[in-house]
Amino acid sequence: MSDLPVPTVGDEAGWVREHLGALLVDEVRPSSIRGGQTLADAALAAFDVAGYANRRNEVWPVAARGASRLSPYIRHGLLTLPRVWRDVRGPSADVAKFRDELLWQEYARHLYFRVGLEMGRSLRFSVLERGAPAPERAGWPDDMACVALVTRELRDEGWLPNQARMWLASHWSVRGGRGWRDGEDLMFRHLLDGSRAANRVGWQWTVGALTGKPYGFSRQQVERRAPGVCGTCALKSQCPIQQWPDDHEPEPRPMADPRLRRGTVEPTAAEGGIPDQVWITAESLGDDDPALRAYPHLPAVFVWDAPLLARLRLSSVRLVFLAECLADLSTRRELEVRVGEPTVELAGRRLAATDAPVPGWRSRAAAVGPVAVEEWPWLVPPHGGPVTSFTAWRRSARI
Ligand SMILES: Cc1cc2nc3c(=O)[nH]c(=O)nc-3n(C[C@H](O)[C@H](O)[C@H](O)COP(=O)(O)OP(=O)(O)OC[C@H]3O[C@@H](n4cnc5c(N)ncnc54)[C@H](O)[C@@H]3O)c2cc1C
């Protein structure tokens, strides 16, 4: 479609408004979590892991939280998992718990790498999914103070602590009986860290597809993790989540796919030759991107994937975050920015790229044919053993 000017630091929201107007679904605004390598480095340096194990599930007040809020940077490759694993230091119990969570992220990536789009299949809710998607406010009603508190943060900031994501997922599906795929899509649209890998694992975990035990959201968790919120609720004396939700049979594992038990995925093959540009995508926008590192003097190219974005309908906080990453990168690298269908925009170029473990990148790469492909910076190298559960995957990886 076209070549765009590069976003400049400080005017990213204006840039998104001007150049991505056709893809916008809401009023353009930034999150308080700002994008870019510079800010990612600062956030990692400032994170104090002490108390993480006890406070990672706190939701409210904000000052009580122990979560790092590093996920948007991890999601977009500004902070690789090996780097975060190495750099976070502190009390051993907190570091151990934090590293466990990094492994959950890694597990989600391996699972998605192995089975790809099949991971989004759902058996139990497939009938509901054939109907129109449930409207957001019916699934997450505004008159419950706890739900309103966290959906407001999700919409405004594009981020939530893990506990609040579980509340919303559980309220949507376990209590509300709505298809988890619809809820997952809606949450994904808002999240700065939205990834099909981790979001699907999170939703499947909540509905019990990964553990056999659905997570029930009730008033008790709100009183414990967000003390004081129930007192402000118009429904405090007729709380709709006073009791544990009715017993809900866990959703069966969505796939009887033999690849869950055993399988390997071939790395993306390079066409061979000398590249003259590095193709970067939202999977990996940081200075540690292996292809950027391997070719430090080459310019980079980024394509806003217009057909994909039109389908996904992402919130503008995510688009501004990505523009912030590009603006920051352009202070250190020559950068070309385009919008359109990536395989068309990049046709005929001699590109270097990093092998992102997601089906969307791999199918586009097959059409684009990078001449050089660098390996994805795994925290745990892929193994051919089971990815049926976090525990089975971890055991096979011997960690
Ligand atoms: C319904 C639901 C949807 C989710 N969707 C996403 C998503 O789209 N993208 C995403 O990155 N995470 C997702 N998660 C996982 C988790 O909630 C977020 O990674 C975490 O809340 C991010 O905040 P943080 O960086 O402060 O995490 P911290 O607690 O500080 O953890 C550090 C890092 O560990 C990883 N991590 C922590 N918890 C988990 C977890 N349960 N699963 C996978 N990785 C984890 C993340 O990379 C995170 O940045 C989801 C969880 C649920 C229950």
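These exercises explore a predicted model, each with a worked solution.

## Exercise 1: Helix α9

**Task.** Find out how many residues of α9 are buried, and what they pack against.

**Solution.**
- Step 1. Locate the helix. α9 covers residues 145-157.
- Step 2. Check its length. The helix has 13 residues and reaches 18 Å from its first C-alpha to its last. That is close to the 18 Å expected at 1.5 Å a residue.
- Step 3. Apply the cut-off. Buried means under 20% relative accessible area. Of the 13 residues of α9, 11 are buried, so the helix is largely enclosed by the rest of the structure.
- Step 4. Name some of them. The buried residues include Ala145, Cys146, Val147, Leu149, Arg155 and Glu157.
- Step 5. Look for the partners. The buried residues of α9 pack against α8 (136-139), α10 (162-175), α11 (180-190), α13 (219-225) and α16 (316-329).

## Exercise 2: Where α9 stops

**Task.** Describe Glu157 and what comes just after α9.

**Solution.**
- Step 1. Place Glu157. Its home is helix α9, and Glu157 is among the buried residues there.
- Step 2. List the contacts. Beyond neighbours within four places in sequence, Glu157 is in contact with Ser31, Ser32, Ile33 and Leu192.
- Step 3. Take a distance. His110 sits 47 residues away along the chain, and the two C-alpha atoms are separated by 28 Å.
- Step 4. Move past the helix. Just after α9, Gly158 takes a positive phi of about 70°.

## Exercise 3: The nonpolar cores

**Task.** Work out which helix gives the largest share of the largest nonpolar core.

**Solution.**
- Step 1. Size up the core. The largest nonpolar core has 84 residues. Leu70, Val84, Phe98, Trp279, Ile280 and Trp304 have the most contacts inside it.
- Step 2. Find the main contributor. Helix α6 (residues 92-115) gives the largest share of this core, 10 residues.
- Step 3. Look for another core. One of 33 residues lies apart from the largest. Leu149, Ala209, Phe217 and Val222 are among its members.
- Step 4. Zoom in on Ile280. Setting aside neighbours within four places in sequence, Ile280 is in contact with residues including Leu285, Leu292, Phe302, Leu326 and Leu335.

## Exercise 4: The ligand

**Task.** Determine which residues surround the ligand, and how much of the ligand the protein buries.

**Solution.**
- Step 1. Count the shell. There are 28 residues around the ligand. Tyr52, Ser68, Arg69, Gln105 and Asn162 come nearest.
- Step 2. Sort by helix. α4 (71-75), α6, α10 and α12 (196-206) each supply at least two residues of the shell. The largest share, 5 residues, comes from α6.
- Step 3. Find a pair at a ligand nitrogen. A polar side-chain atom of Glu101 lies 3.2 Å from a nitrogen atom of the ligand.
- Step 4. Turn to ligand oxygens. A side-chain N or O atom of Trp159 is 3.3 Å from an oxygen atom of the ligand. For Ser195, a backbone N or O atom lies 3.1 Å from a ligand oxygen atom.
- Step 5. Assess the cover. Taken alone, the ligand exposes 810 Å², and the protein buries 96% of that.

## Exercise 5: Three loop residues

**Task.** Decide whether His76, Ser218 and His383 are buried or exposed, and list contacts for each.

**Solution.**
- Step 1. Start with His76, in the loop between α4 and α5 (81-87). Its relative accessible area is 0%, so His76 is buried.
- Step 2. Add its partners. The side chain of His76 makes a polar contact with the side chain of Arg318 (3.2 Å). His76 also touches Leu192, Ala282, Glu283 and Phe321, among others.
- Step 3. Go to Ser218, in the loop between α12 and α13. With a relative accessible area of 2%, Ser218 is buried. Ser218 is in contact with Arg175, Ile241, Gln243 and Trp244, leaving aside neighbours within four places in sequence.
- Step 4. Finish with His383, in the loop between β6 (372-374) and α19 (390-397). At 17% relative accessibility, His383 counts as buried.
- Step 5. Check the polar partners of His383. Its side chain reaches the backbone nitrogen of Gly385 at 2.9 Å. A polar side-chain atom of His383 also lies 3.0 Å from the backbone oxygen of Trp393.
- Step 6. Add the other contacts. His383 touches residues including Arg114, Gly263 and Ser396.
- Step 7. Compare positions. The C-alpha atoms of His383 and Trp159 are separated by 31 Å.

Note on methods. Residues numbered from 1 in each chain as written. Predicted model: local features only at pLDDT ≥ 70, side-chain atom pairs only at ≥ 80, totals over all residues. Heavy atoms only, no water. Helix = DSSP H or I, 4+ residues; strand = E, 2+ residues; numbered from the N terminus. Contact = heavy atoms within 4.5 Å. Expected span 1.5 Å × (residues − 1). Buried < 20%, exposed > 50% of the residue type's maximum accessible area, 1.4 Å probe, protein only. Core = buried A, V, L, I, M, F, W, Y, C linked by side-chain atoms within 4.5 Å. Near = heavy atom within 4 Å. Polar contact = N/O pair within 3.5 Å; in protein donor to acceptor, adjacent residues only side chain to side chain. Areas by Shrake-Rupley, 256 points an atom, 1.4 Å probe, with all protein chains shown as cover.
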